[in-house]
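Reader: Hi! I would love a close look at a single part of this model, with enough of the surroundings to see how that part fits in. Could you walk me through one strand and then work outwards?

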Amino acid sequence: MITSDEIKRRLWDGANELRGSMDASRYKDYMLGLMFYKFLSDKTLETFKSTAGLGEISEKDLVKEYANARTEYGTELDQMIQNVLGYYVTPEYLYQTWLIDIETGDFEVSKVTDSLNNFERTIAISGDKTANDFKGLFSNSTIDLSDSALGSDLNERSKNIKALILLFADLNMVALQKGDVLGDAYEYLIGQFAMESGKKAGEFYTPQQVSEVMAQIVAKSNKIQSMYDPTVGSGSLLLTVKKHLSEESQKSLNYYGQEKNTATYNLTRMNLLLHGVRPEKMTIRNADTLSHDWPEDPNRPSEGVQFDAVVMNPPYSAKNWNRSELKVSDPRFEAAGVLPPDSKGDFAFLLHGLYHLGQNGTMAIVLPHGVLFRGAAEGHIRERLIEKNNIDAVIGLPSNLFTNTGIPVAVIILKKNRDLGDPVLIIDGSHDFIKVGKQNVLQEKDIAKIVDTYVEKLEIDGYSHLTSREEIIKNEYNLNIPRYVEAKEDEFPQDVDAHLFGGIPQKDIEKLKVLKVLTPDSLNQSLKTIRPGYVELTKGIEEVSREVLGNKRVTDLTSTLKSKVADYLAKYWDILRTVDKGTNLKQLSDEMLLEIKRMLSEFEYVDVYSGYQIIAEIWKQSLTHDTELIANSEFYTVARTREPNMVTKGTGKKKREKQDGWIGSIVPNYLIEKYLYADEVEAINQKKSRMNEIELELAELVEAAKVEDTDENNVLYDALKKNEEDEPGDSFEAKRLKTELKNTIKGTSEFNLLKKVDTLLSEKSTLNREIKTEEKALKDAVQERILSLSNEEIDHLVYEKWFGKTQNLIVQLVEKPLKNELNILKMLNERYSETLSSIDEEISELEKSLEMMLNDLVVGE
């Protein structure tokens with residue numbers, strides 16, 4: 001079975017190969033559009049098959065049956081499928097018909113255009129209440145198959161479009177949709193296109209990690225039955241919120257969105273439908289959000305439709321947003337008492353979203369930092385929002401998270417039902433990220449820390465602060481994050497007295513809180529007071545470290561954590577091996593992450609989120625892929641399954657994929673080598689080690705042969721490989737060496753030196769052949785062994801893959817804060833080791849040495 005990761009990789013590789021020089025932001029419309037049409041065709045055929053009561057049948061035969069039934073029943077069959085799906089694709093216009101035409105050599109690009117146009121027509125005349133959800137999806141403005149970017153002439157375009165059609169040929173979109181594999185693949189492609197599109201990505205995509213922060217906060221805040229994104233883009237924000245709701249909540253969820261760009265509006269609808277959102281549950285509009293308020297409630301014209309959740313990533317600081325010349329009397333802006341400046345539309349979007357937020361709802365919007373401190377009209381709006389108590393939290397994120405801008409952004413959380421005395425939570429998450437290529441990326445632990453801090457309303461030194469209304473007023477309604485959350489400065493400033501007279505300041509020792517709490521005896525026994533307020537180490541830092549890490553409290557803590565981690569891994573080892581099609585893998589992942597967080601929170605000074613990331617990485621690197629395969633088969637069956645190891649050969653037009661043996665579906669070949677063929681691996685490694693020795697010895701002889709007037713130069717120089725200028729290279733030439741050996745008298749030192757090189761070369765050649773033969777035999781044996789692994793071997797190898805290092809990595813979190821403080825202690829000891837008096841003594845010694853040198857000088861006459 002192909003996994004979701006493999007589908008994503010294959011589709012993206014195919015996209016890169018096929019699009020050539022076409023701009024990614026444009027090519028996505030063709031690729032994602034045709035992928036969606038395949039989905040519509042597959043759903044049509046599946047519905048016909050189910051209604052007709054057909055059993056197992058090939059796709060070709062199913063198309064024939066459908067065509068025959070259409071001939072017999074005509075529009076009656078169309079209506080039946082329309083009633084089930086809200087749409088239908090007639091037999092002659094199916095994606096599968098294109099594939100048959102390609103196979104028979106009858107394919108024409110015009111057939112694709114006719115098919116897409118026919119779908120548009122059938123939807124337009126259907127009169128179905130869900131028809132609007134499909135109208136215009138394949139309009140010429142979005143998918144223009146005559147575009148020269150697809151090929152300079154009709155033949156070239158036909159070739160490229162055929163290749164794109166074949167990319168989806170063997171994907172059963174209906175089966176893939178059931179596990180949300182199809183939706184995930186679609187979302188992945190949108191994200192990949194966004195990265196390739198650069199600045200244009202802002203039109204349709206919110207980075208997944210930013211969506212996660214916003215969606216998790218919104219999903220945990222209140223019960224959600226309806227949600228709205230006024231700048232919906234590709235729909236990723238709405239879908240991320242959906243992902244964090246229970247299956248029961250998802251069934252009754254209503255999706256609303258508005259998008260100005262027509263191509264992106266089409267993308268939104270396709271994305272929602274592919275994620276299993278029913279047409280009647282989605283209301284997406286193609287229009288300018290700010291120009292005219294939507295959605296409106298005819299029964300409450302001054303309120304508008306209100307939602308349980310509003311999420312938004314609007315265009316930043318949009319210029320000329322008020323082209324419709326809206327007035328402050330517009331109900332959306334009336335409460336603010338002033339219109340946002342025409343040069344910056346940030347607050348216009350925020351106020352629009354807030355206007356449509358239900359009384360008990362939660363809103364999350366991501367905006368540039370300027371909205372937190374800019375003055376004039378924006379300052380007045382900010383003051384009104386604070387006075388009305390609508391701002392619940394401000395979360396600063398790192399710069400360079402988005403592909404279309406490098407500026408830092410903030411997520412602002414708003415509510416309408418806050419108590420008057422509720423503080424505003426300010427979080428500075430701008431320092432927590434990793435670098436991936438040119439982008440900064442939030443890791444799972446960074447997202448979890450932000451969300452937990454928000455949900456639990458935590459104050460963390462240097463990270464978060466609960467600020468009162470009075471404090472905000474004192475800051476003149478300026479919400480700039482550094483005013484409320486001070487960055488941690490150097491906790492150990494330079495001490496002049498310590499530099500002059502030596503010793504470590506006692507006040508610095510007091511800051512070593514982990515050492516003082518966990519191992520106060522070990523720390524105190526390592527220090528002595530040399531004068532009031534200053535101490536010095538009585539033993540080397542290495543000895544102090546040994547005593548601290550060997551302290552009974554530390555070893556007991558380590559032992560307790562080790563035992564708890566072992567129980568945790570044993571519990572999930574049993575669960576993970578027995579997942580099936582009914583298992584909610586995302587829920588299982590969430591449970592595993594939540595439990596490690598709970599467990600580690602029992603241990604003071606252990607970094608809970610580092611442990612959280614360890615488990616998150618296991619899911620990313622192994623469990624997501626492996627559990628998907630296990631759920632669709634059975635643990636031991638999958639473990640004894642192998643798949644082709646495909647490698648890329650060549651470059652440019654000659655680039656191709658080629659099979660290079662086999663790899664285990666979930667059992668890595670390298671682990672089979674390591675544990676089941678240890679003797680063979682050791683034998684090969686010994687020969688490689690000997691090869692290295694020989695190469696080193698030969699390299700030394702080559703270098704010696706290049707040095708004039710040496711024995712090696714006299715004997716071996718002629719045997720060195722030479723370039724066209726007759727300059728010596730870095731190796732010996734076997735033929736010349738043999739000739740020199742024949743012409744040299746046996747038993748002489750010259751002969752022995754030549755013979756030594758010859759023997760080394762001969763041994764190297766033999767070893768090289770043996771290593772290649774043995775490596776191939778080992779590779780073949782491992783590939784065959786996959787098929788016959790015993791259950792016990794599988795248990796050992798898969799456990800090693802999933803959890804081999806996990807226990808040690810988590811247990812090391814006990815020692816990590818101690819080691820950090822021991823390093824600080826070492827730094828403080830070195831910082832103050834040179835005092836003024838020691839420097840004076842050194843100067844005095846140098847002066848004496850200089851005087852002695854001067855006295856020894858003899859001045860010649």
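Author: Happy to! One term comes first: a residue counts as buried when its relative accessible area is under 20%, as exposed when that area is over 50%, and as partly exposed in between. Please also keep in mind that this is a predicted model.

With that cut-off in hand, let us take strand E5, which covers residues 357–368. Ten of its twelve residues are buried, so strand E5 is largely enclosed by the rest of the structure.

What does strand E5 pair with? One partner is strand E4 (residues 307–312), which runs parallel to E5 and is joined to E5 by five bridges. Within that pairing, Val-310 has Met-363 of E5 as its bridge partner. Another partner is strand E7 (residues 409–414), and here the sense is antiparallel, with six bridges. In that pairing Pro-368 sits opposite Val-409 of E7. As a general point for reading such strands, side chains in a regular strand alternate between the two faces of the sheet.

Pro-368 also leads us to the loop that follows E4. Ser-317, which is placed in the loop between E4 and H14, touches Pro-368. Leaving out residues up to four places away in sequence, Ser-317 also touches Ser-343, Lys-344, Gly-345, Asp-346 and Arg-374. Its relative accessibility is 19%, so Ser-317 counts as buried.

The loop between E4 and helix H14 (331–334) also holds Asn-320. Asn-320 has a positive phi of about 50°, although it is not a glycine. Is Asn-320 buried, partly exposed or exposed? Its relative accessibility is 42%, so Asn-320 counts as partly exposed.

On the other side of E4 in sequence is the loop that connects strand E3 (282–286) to E4, and Pro-295 lies there. The peptide bond from Trp-294 to Pro-295 is cis, with omega near 0°. For background, most residues other than glycine have a negative phi, and most peptide bonds are trans.

A positive phi turns up again at Tyr-477, where the value is near 65°. Tyr-477 is placed in the loop between helix H18 (469–474) and H19. At 12% relative accessibility, Tyr-477 counts as buried.

Helix H19 (residues 496–501) brings us to the surface, where H19 gives three residues to a nonpolar patch, the most of any contributor. The patch is formed by Val-496, Leu-500, Phe-501 and Leu-836, which together have about 380 Å² of accessible area. Val-496 has its place in helix H19, and its relative accessibility of 62% is why Val-496 counts as exposed.

Further along the sequence there is an open sheet of three strands, in the order E12-E14-E13, with antiparallel pairing. Strand E12 (504–505) and strand E13 (527–531) are its edge strands, each pairing on one side only. E13 and strand E14 (residues 534–537) are joined by four bridges, and in E14 Glu-536 is opposite Lys-528.

Now for the nonpolar interior. In soluble globular proteins, nonpolar side chains tend to be buried together. Here the largest nonpolar core has 106 residues, of which Met-31, Phe-36, Tyr-37, Leu-40, Ile-165 and Phe-168 touch the most other members. Helix H2 (residues 24–52) gives the most to this core, with twelve residues. Ile-165 shows what such packing looks like: setting aside neighbours within four places in sequence, Ile-165 is in contact with Leu-34, Tyr-95, Trp-98, Leu-99, Ile-102, Phe-107 and Val-112. A second, separate core holds 94 residues, including Tyr-636, Ile-694, Val-702 and Val-811.

Finally, here is the whole chain as a backdrop to E5. The chain has 35 helices and 18 strands, and its C-alpha trace spans about 115 × 80 × 65 Å along the principal axes. Of its 861 residues, 48% are buried. Among contacts with a separation of 6 or more, 72% join residues 24 or more positions apart. The chain exposes about 42,300 Å², and carbon and sulfur atoms supply 49% of that area.

To come back to your strand: E5 pairs in the parallel sense with E4 and in the antiparallel sense with E7, and ten of its twelve residues are buried.

Technical notes. Residues are numbered from 1 along each chain as its sequence is written. This is a predicted model: local features need pLDDT of at least 70, side-chain atom pairs count only at pLDDT 80 or more; totals for chains, interfaces and linings use all residues. Side-chain values use heavy atoms; hydrogens and water are left out. Buried means under 20% relative accessible area, exposed over 50%, partly exposed in between (1.4 Å probe, protein chains only). Helices (H or I, at least four residues) and strands (E, at least two) are DSSP runs, numbered from the N terminus. Two strands pair if DSSP finds at least two bridges between them. A nonpolar core is a set of buried Ala, Val, Leu, Ile, Met, Phe, Trp, Tyr and Cys residues joined through side-chain atoms within 4.5 Å. Contact means heavy atoms within 4.5 Å. Patches are made of residues with over 30% relative accessible area and no salt bridge: like charges are joined within 9 Å, nonpolar side chains (Val, Leu, Ile, Met, Phe, Trp, Tyr) within 5 Å. Accessible areas come from the Shrake-Rupley method with a 1.4 Å probe; for residues, only the protein chains shown count as cover. A salt bridge is a side-chain nitrogen of Lys or Arg within 4 Å of a carboxyl oxygen of Asp or Glu.
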